[in-house]
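Let's take a stroll through this model, looking at charged pairs and then at a pair of packed helices. Have the structure open as you read.

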Amino acid sequence: MDENKQEQMVSIIVPVYNAEAYLPEMIESVIFQNYNNWELLLIDNCSMDNSFEICQSYEKKDVRIRVMQETEKGPAAVRNHGLLAAHGGYIMFLDADDFLADNAVLDRFVNVMKHEEADIVVGNYERLWNGRRFAAASHTSFSELNPDSEDFRFQGFFSVGTLSYVWGKLYRKQFLEKNEAVFENLPYAEDKLFNIQCYLCNPKYAFIQETGYIYRKNDDSISFTYRPNSLECWMAIAYRLQKLLTEKEIKQIRCLKDKNAERECLEKKYWGFIYYLIFFAIFFDAKMEYVEHNHSILAIIKLIKMYQTDDLSKETFVQLKRKTYTGKLSQKLWKIMIQGFSIAMWFHLYWGLAFGIKLLIDLRIDEKLSDTGLRE
């Protein structure tokens with residue numbers, strides 16, 4: 001293959017697991033793209049339905065489709081497999097039950113990647129709920145901010161969250177290889193860790209206003225399934241980030257001419273990643289426990305107390321009740337919620353926190369605060 005053509009090729013990596021109902025729509029959303037310099041890597045991960053056979057049937061019809069199998073379970077192993085097998089200079093991740101929004105998606109992403117000389121191109125997306133599309137919160141609120149600001153990090157990875165997902169983006173393969181970016185074996189949220197790792201390598205971001213991706217709410221997917229080991233997963237991510245950030249700060253301080261003058265500015269500059277992660281993890285897990293245990297407020301209290309047994313979690317609420325990090329945020333409601341929650345955790349006001357979380361869920365305020373709004 002011509003070297004330039006290969007450099008401009010988009011390698012689309014798709015983990016496939018029991019997705020026979022959705023595969024045709026996903027695959028055809030790629031096949032009908034106007035931009036035709038792509039390869040589609042369909043990597044089956046121990047499916048028990050007809051997913052593998054469906055993938056093979058499309059492989060026979062189009063030479064740009066490659067079907068593989070990965071026996072180590074989980075999307076991390078599959079995506080790492082895809083990164084190693086990819087021939088293209090650009091990488092896109094697509095989930096098997098989702099699809100591209102229209103036939104010009106790849107055109108737009110590649111053109112912006114080239115024009116902006118970006119490392120990561122980010123588009124907006126819509127969610128598909130019961131046959132209806134709902135526009136997710138736009139990245140506009142943070143995409144024009146300084147990427148090295150607390151506000152950019154908080155909105156991009158948490159309150160808006162667009163930067164957390166690997167789908168709906170185009171990555172420059174050279175950037176990923178240079179920074180040895182790979183997925184870690186976690187039960188879920190491995191894409192959030194992957195993207196934070198990418199952020200810490202100072203990528204150049206570019207943003208597209210148009211919708212490029214349709215995310216389907218699938219009740220059988222990992223995102224919507226109750227997980228009793230959720231706390232362990234989130235804390236594993238938090239401790240991995242702690243290690244990464246400590247290493248990053250040590251390297252930066254070593255490069256300083258006047259270490260004493262700048263050391264204080266660098267220390268824990270990015271630790272908001274850890275603290276916000278734990279804050280949102282507690283609320284997310286509390287909601288899952290509340291629903292799973294028949295709207296039991298005691299289940300919320302038990303969960304909150306479990307988080308309080310961890311030293312890093314305790315440190316989180318010591319830090320967040322101050323304004324070191326939240327004082328730099330522009331979203332006033334989030335500032336108030338985070339600081340109020342943190343003060344309550346500091347004083348062990350578990351019943352008050354539990355009732356507050358219960359009200360947010362029962363009144364569906366949590367949905368209004370999410371990227372999609374009320375789902376009706």
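In which helix do Glu-247 and Lys-243 both lie, and how many residues apart are they? The helix is α10, and the two sit four residues apart, about one turn of the helix. Keep in mind that this is a predicted model.

**Charged pairs**

Glu-247 and Lys-243 do more than share a helix: their side chains meet in a salt bridge, 2.7 Å from N to O. Why does Glu-247 count as partly exposed? Its relative accessibility is 34%, and partly exposed means between 20% and 50%. Lys-243 is partly exposed too, with a relative accessible area of 46%.

Helix α10 (residues 230-254) also holds Arg-240, which pairs with a residue from a distant part of the chain. The partner is Glu-184, in the loop between α8 (173-178) and α9 (190-199), 56 residues apart from Arg-240. Here the closest N and O atoms are 2.5 Å apart. Arg-240 is partly exposed at a relative accessible area of 24%, and Glu-184 is partly exposed with 24% as well.

Then there's Arg-64, in a salt bridge with Asp-62. Arg-64 is partly exposed, its relative accessible area being 24%, whereas Asp-62 has just 12% relative accessibility and so counts as buried, the cut-off for that being under 20%.

Here are the three pairs side by side:

| Salt bridge | Closest N and O atoms |
|---|---|
| Arg-64 with Asp-62 | 2.9 Å |
| Arg-240 with Glu-184 | 2.5 Å |
| Glu-247 with Lys-243 | 2.7 Å |

Not everything comes in simple pairs, though: Asp-148, Glu-150, Arg-153 and Lys-269 are linked in a network of salt bridges. Over the whole structure, a search turns up 15 salt bridges.

**Two helices packing**

Now over to α14 (residues 311-320) and α15 (residues 332-346), which pack with their axes 8 Å apart, at an angle of about 125°. That angle makes α14 oblique to α15. The crossing of α14 past α15 is left-handed.

Which residues of α14 meet α15? They are Phe-317, Val-318 and Leu-320. On the α15 side, they meet Ile-338, Gln-339, Phe-341, Ser-342, Met-345 and Trp-346. Sorted by class, the contact of α14 with α15 has seven nonpolar residues, two polar ones and no charged ones. So the charged pairs above make one stop on the tour, with Glu-247 and Lys-243 in α10 among them, and this helix contact, without charged residues, makes the other.

Key
Residues numbered from 1 in each chain as written. Predicted model: local features only at pLDDT ≥ 70, side-chain atom pairs only at ≥ 80, totals over all residues. Heavy atoms only, no water. Axes fitted to C-alpha atoms, helices over the stretch in contact; angles between N-to-C directions. Parallel < 35°, antiparallel > 145°, perpendicular 65-115°, else oblique. Left-handed = near helix turned anticlockwise from the far one by under 90°. Contact = heavy atoms within 4.5 Å. Nonpolar A, V, L, I, M, F, W, Y, C, P; charged D, E, K, R; others polar. Salt bridge = Lys/Arg side-chain N within 4 Å of Asp/Glu carboxyl O. Buried < 20%, exposed > 50% of the residue type's maximum accessible area, 1.4 Å probe, protein only.
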